[in-house]
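Welcome! Please take a look at the structure below, and then let us walk through it together.

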Amino acid sequence: MYNIPMISKIQKKIKEKEKPNDIFYTPLPLVKFHLNFIKEYVEKDDLILDPFFGSGNYYNTYPEIFKNNTFDYTEIELQKDFFEYNKDVNIIVSNPPYSILDKVLDKSVSLNPHTISYLIGHNNFTCKRIKYMNDKGYFLVKMFFTKVYKWFGMSLIVVFTKKAIKNCIEYDRTVWY
């Protein structure tokens, strides 16, 4: 069974790093799975944004999966900062840095795409974040748990879209006594 105090200690250590190591390149087979997982939400002529280009696995795979679309990317290392990006986009899909996930979600919804899908750590998937997305008009329509070798814990592909009117799951933020 899990040693809960040990897991909490590891999570605290990761959270309190002065400079978190958020550079985890997504394996190409998982990128392809992720893109196919969201395919039903992609319409002809949608502009798809990869806000965290990294190794290019997402962006370079877009044309293989999405034949009738245009693409763009941002990457701070390539002097294209996502937080300064202001073009109209229809879909955002990528593996964001988990340490700034709230900032990433804020920026993502400010760009007003109809669909946002991220690969995130399962510990980052919280009711508070689901509620935030709901309050911004995005509803969770799909999710998929997966494991990536050498990544901490499970990962989760989440798909939020404005094309839905409710979440695929129910949640409660009530604190029970």
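## A serine in a helix

At 0% relative accessibility, Ser 108 counts as buried, a word used for residues under 20% relative accessible area, while exposed means over 50% and partly exposed lies in between (1.4 Å probe, protein chains only). This serine is part of helix H4. Leaving aside residues up to four places away in sequence, Ser 108 touches Phe 82, Ile 92, Pro 113, Ile 116 and Tyr 118, where contact means heavy atoms within 4.5 Å.

Before going further, please keep in mind that this is a predicted model, in which local features need pLDDT of at least 70 and side-chain atom pairs count only at pLDDT 80 or more, while totals for chains, interfaces and linings use all residues. Residues are numbered from 1 along each chain as its sequence is written, and side-chain values use heavy atoms, with hydrogens and water left out.

## The chain as a whole

The chain has five helices and six strands, which are DSSP runs numbered from the N terminus (helices: H or I, at least four residues; strands: E, at least two). Along the sequence they follow the pattern α-α-β-α-β-β-α-β-α-β-β. Of its 177 residues, 43% count as buried. Of the contacts between residues at least 6 apart in sequence, 68% join residues at least 24 apart.

## Three helices and their neighbours

Which residues of three of the helices are buried? The table lists them.

| Helix | Buried residues |
|---|---|
| H2 (28-38) | Leu 30, Val 31, His 34, Leu 35, Phe 37, Ile 38 |
| H3 (57-65) | Tyr 58, Thr 61, Tyr 62, Ile 65 |
| H4 (101-110) | Leu 101, Val 104, Leu 105, Lys 107, Ser 108, Val 109 |

In H2, the buried residues cover an arc of only 155° around the axis, which puts them on the same side of the helix; the arc is that of the directions from the helix axis to the C-beta atoms. They pack against H3, E3, E4, strand E5 (139-146) and strand E6 (155-161).

The buried residues of H3 (Tyr 58, Thr 61, Tyr 62 and Ile 65) come next. Seen down the axis of H3, they fall within an arc of 130°, so they line one face of the helix. Their packing partners are helix H2, strand E1 (47-50), strand E2 (70-73), strand E3 (91-94) and strand E4 (115-121).

For H4, the buried residues pack against E3, E4 and helix H5 (127-135). How do H4 and H5 sit together, and at what angle do they pack? The angle is about 15°, and the axes are 11 Å apart; axes are lines fitted to C-alpha atoms, for helices over the stretch in contact, with angles from 0 to 180 degrees between N-to-C directions. That makes H4 roughly parallel to H5, since angles under 35 degrees count as roughly parallel, over 145 as roughly antiparallel, 65 to 115 as roughly perpendicular and the rest as oblique. Where the two helices meet, Leu 101, Asp 102, Leu 105, Asp 106 and Val 109 of H4 face Arg 129, Tyr 132 and Met 133 of H5.

## Positive phi angles

Just after H4, Asn 112 takes a positive phi of about 60°. Asp 45, which is not a glycine, has a positive phi of about 75°. Asp 45 lies in the loop between H2 and E1 and is exposed, with a relative accessible area of 57%. Gln 79 also has a positive phi, near 60°. Gln 79 is found in the loop between E2 and E3, and its relative accessible area of 69% makes it exposed.
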